[in-house]
Amino acid sequence: MSNSKLKPIEKIGYGMGDFASNIVFQAVIIFLQPFYTNIYGLEAASVAFMFLAVRIVDMVTDPLMGIIADRTKTKWGRYRPYLIWFAVPFSILLVLTFTTPNFGEQGKLIYAYLTYAFLMVLYTVVNIPYCSLGGVITSDSHERVSANSYRFFLATAAGVLIGFFIPKLVDYFGNGNEQAGYPYAMAVFGVFAIAAFFGCFALTKERVKQAVPAKGSFRKDISTLLKNDQWWIVAVLFFVLLVGIVMRAASQVNYVQFVLSDKTLIGSFITAGLVAQMIGATCASPLSKKIGNVPAYILIQVMIVIGSMALYFAPTSNLALVYGGFIFISFFAQMGAPILFTMVADTVDYGELKSGNRVTGLAFSGVLFTLKLGVALAGFLTPMLLAMNGFQGTDEHQLPEAKETILLSLTLYPAIAHFLLIPIVSMYKLNKVRCDQIRSELDKKATV
């Protein structure tokens, strides 16, 4: 395992890839739903069905991209090239998605479907190889947690910048016209995303190879993955987790605007939560090293549930309590992410030992598909619950039922998802000792 240790500069380089991806991801989960309902002019129910329908495309593109990435062979590796091949079109689609065309109601809906769908396809094309890269830059489980801590620190830094600067840039470029301001604001961040993808490509290296090279088929790769019981546990964790995360994220703007009744606080509220997430991501590695991945992950979920209940009952007139509760939740919300992505890489090693076939890209594409299913379910539920309770995106005076739905979507509904994660993760068996044993056995096979 001589290749297991990573220099800080490579961990930073790896993190730059998710900085770029999260410029798009955070923009989508924080701003896209309120953009569509409050600015673009779509009905909440239409947005709900669109978010769900686009996920059907992922049923094909996600596993296909994983298989393609695993079979890619270039002088730069299997996964890194995708970061520079698709960085520019990915950023262009971000701008187009937040552009309001001068079409009729039906034309605008079709345009929204097409741009959002293509944006998600390009997210798949870039992000699956990027996530797979985390499984091949090192073979050491703790080093993977450490690298993912850097990753999610920088990923959340992208969210901080998005949350703080997007409202300001929209005002600056739009001069009061939010429809005009959004494309320019997203273009600024699109340039940052391109630069970060190129930085990730330049600073990382693929090291982990399959112990015994094998000629696999699509069917064999799928079979290898589906027989991996530990991968299934992680996949379910991703699905349930993202339901909670996206419901909370998608409710932030509406919570500030309609529950706190102060639109000027949107930027500071989102930024406070994202800064807390950024700090929390740095604590994942020492916590998991001290008590182990599974106990650490359980502790994190317990704290989020407690914080969510406290925020639900916090009086909205007391901004110190409101901000404090949201910061508390956010601090722990991102802490679990490095641990969870490390689990994916560990299941790849586990699956290779069992089957003799390494399916890094397919494993990550599979969990990212379940992740996006969680995003889709939350993306459907959040606006649909609003529509069922009389929410009107352009009306500053919402019904009490709509305000209560927004509050629940920020607090107790996500708390249910985080609570469900506890019994699921308890079934995961790949601790540090077992992972080291697996890697040792794979290394022996490679030398035979």
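**Reading rings, helix α1 and the core**

Student: Which charged end sits over the ring of Phe 341, and how is such a feature read?

Tutor: A charge sits over a ring if NZ of Lys or CZ of Arg is within 6 Å of the ring centre and within 35 degrees of the ring normal. Here the charged end of Arg 151 takes that place, 4.0 Å from the centre of the Phe 341 ring, and the charged end of Lys 108 sits over the ring of Tyr 40, 5.0 Å from its centre. This is a predicted model, in which local features need pLDDT of at least 70 and side-chain atom pairs count only at pLDDT 80 or more, while totals for chains, interfaces and linings use all residues. Residues are numbered from 1 along each chain as its sequence is written, and side-chain values use heavy atoms, with hydrogens and water left out.

Student: How many aromatic pairs are there?

Tutor: Rings of Phe, Tyr and Trp (its six-membered ring) pair if their centres lie within 6.5 Å, with planes under 30 degrees apart called stacked, over 60 edge-to-face and the rest tilted. By this rule there are 31 aromatic pairs, among them the edge-to-face pair of Tyr 36 and Tyr 40, at 5.4 Å centre to centre with 80° between the planes. Ring pairs also join Tyr 36 and Tyr 40 with Phe 35, Phe 51, Phe 98, Tyr 116 and Tyr 182 in a cluster.

Student: Why are Tyr 36 and Tyr 40 separated by about one helical turn?

Tutor: An α-helix has 3.6 residues a turn, so residues three or four places apart point the same way. Tyr 36 and Tyr 40 are about one turn apart because they lie four residues apart in helix α1 (residues 8-40).

Student: Is α1 largely enclosed or open, and where does it kink?

Tutor: Because 29 of its 33 residues are buried (under 20% relative accessible area, 1.4 Å probe, protein chains only), α1 is largely enclosed by the rest of the structure. Both Tyr 36 and Tyr 40 are buried. A kink of about 50°, taken between axes fitted to the seven residues ending at a residue and the seven starting there, lies at Phe 31, shortly before the proline Pro 34. After α1 comes Gly 41, whose phi is positive, near 105°.

Student: Which residues touch the most other members of the largest nonpolar core?

Tutor: A nonpolar core joins buried Ala, Val, Leu, Ile, Met, Phe, Trp, Tyr and Cys residues through side-chain atoms within 4.5 Å. In the largest one, of 148 residues, Tyr 36 and Tyr 255 touch the most other members, and helix α9 (residues 229-259) gives the most, with 18 residues.

Methods:
Helix = DSSP H or I, 4+ residues; strand = E, 2+ residues; numbered from the N terminus. Buried < 20%, exposed > 50% of the residue type's maximum accessible area, 1.4 Å probe, protein only.
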